[in-house]
Amino acid sequence: MLIEELRNGQPDITDYIMEKYKYLVRRRANAMFLIGGDTDDLIQEGMIGLFKAIRDYRKEKDASFYHFADLCITRQIYHAVEASQRKKHQPLNSYISLNASMGEEGTDTFLDLLETFENANPEQLLIDRENVRAIHEKIAQSLSALERRVLELYLEGMNYRQIAEALEKEPKAIDNALQRIRGKFAKIL
């Protein structure tokens, strides 16, 4: 058996087993939905589960490696999905980098903007307020009614599931709306 050969000192077998069961990881990952993530993230989690299965499998437990690996993969993916729905991860799932480029040329960053506020004069602050109003108007014009409502609820602190329940939509539809909103923000900024 391959696992026995691996334990007898043939480490290249790990790669072979990982490749052999990759289809199982993909099948389990495609059946799940990760808020703020994509299928590749779930595949990565599934591969971690497969690696744990290779590491922890014991023949004497009377279970086939296939079923043990399937269980480990599924548990790892479920754990990732559950973790993504916790409020403590919300800032990580919806952050905007201070080093992200913004503006039409794409050369300025949000950090540059914060530094200019420190050294701004009253005239510049007034101009900046007008610019902020203009951005708010562009955002309001570019968002659909659903996107506006999703954004309002999201800014109130609701999570994906709560927004989905409030709007009687699927969590995936809420995730898609927030992804579109982020994309529109990036274009406007």
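The accessible surface of this chain adds up to about 12700 Å², and carbon and sulfur atoms hold 52% of that. Keep in mind that you're looking at a predicted model. The chain has 189 residues, of which 28% are buried. Here's a quick tour, from the overall layout down to a single aspartate.

**Overall layout**

- Count up the secondary structure and you get eleven helices and two strands.
- Reading from the N terminus, the order of elements is α-α-α-α-α-α-β-β-α-α-α-α-α, so the strands come one after the other, with helices on either side.
- Take the contacts between residues at least 6 apart in sequence: 57% of them link residues at least 24 apart.

**The nonpolar cores**

- The largest nonpolar core has 21 residues, and the ones touching the most other members are I17, L50, I54 and F65.
- Helix 2 (12–20), helix 3 (22–30), helix 4 (39–56) and helix 5 each give two or more residues to this core.
- If you want a residue to click on here, try I17: setting aside neighbours within four places in sequence, I17 is in contact with L2, I3, L50, I54 and F65.
- There's also a second, separate core, made of 13 residues, with L143, L151, A164 and L178 among them.

**Where helix 10 meets helix 11**

- Helix 10 covers residues 160–167 and helix 11 covers residues 171–188; their axes sit 8 Å apart, and the packing angle is about 110 degrees.
- That angle makes helix 10 roughly perpendicular to helix 11, because anything from 65 to 115 degrees counts as roughly perpendicular.
- On the helix 10 side, the contact uses Y160, I163, A164 and L167, while helix 11 brings P171, I174, D175, L178 and R182.
- Sorted by class, this contact has seven nonpolar residues, two charged ones and no polar ones.
- Two names come up again here: A164 and L178 take part in this helix contact, and both also belong to the second core.

**A buried aspartate**

- D70 is part of helix 5, which spans residues 65–84.
- Is D70 buried or exposed? With a relative accessibility of 14%, D70 counts as buried, because the cut-off for buried is under 20%.
- Which residues does D70 touch, leaving aside its neighbours within four places in sequence? D70 is in contact with L24 and R28.
- Helix 5 is also among the elements giving two or more residues to the largest core.

Key:
Residues are numbered from 1 along each chain as its sequence is written. This is a predicted model: local features need pLDDT of at least 70, side-chain atom pairs count only at pLDDT 80 or more; totals for chains, interfaces and linings use all residues. Side-chain values use heavy atoms; hydrogens and water are left out. Axes are lines fitted to C-alpha atoms, for helices over the stretch in contact, and angles run from 0 to 180 degrees between N-to-C directions. Helices (H or I, at least four residues) and strands (E, at least two) are DSSP runs, numbered from the N terminus. Angles under 35 degrees count as roughly parallel, over 145 as roughly antiparallel, 65 to 115 as roughly perpendicular and the rest as oblique. Contact means heavy atoms within 4.5 Å. Ala, Val, Leu, Ile, Met, Phe, Trp, Tyr, Cys and Pro count as nonpolar, Asp, Glu, Lys and Arg as charged, and the others, Gly among them, as polar. Buried means under 20% relative accessible area, exposed over 50%, partly exposed in between (1.4 Å probe, protein chains only). A nonpolar core is a set of buried Ala, Val, Leu, Ile, Met, Phe, Trp, Tyr and Cys residues joined through side-chain atoms within 4.5 Å. Accessible areas come from the Shrake-Rupley method with a 1.4 Å probe; for residues, only the protein chains shown count as cover.
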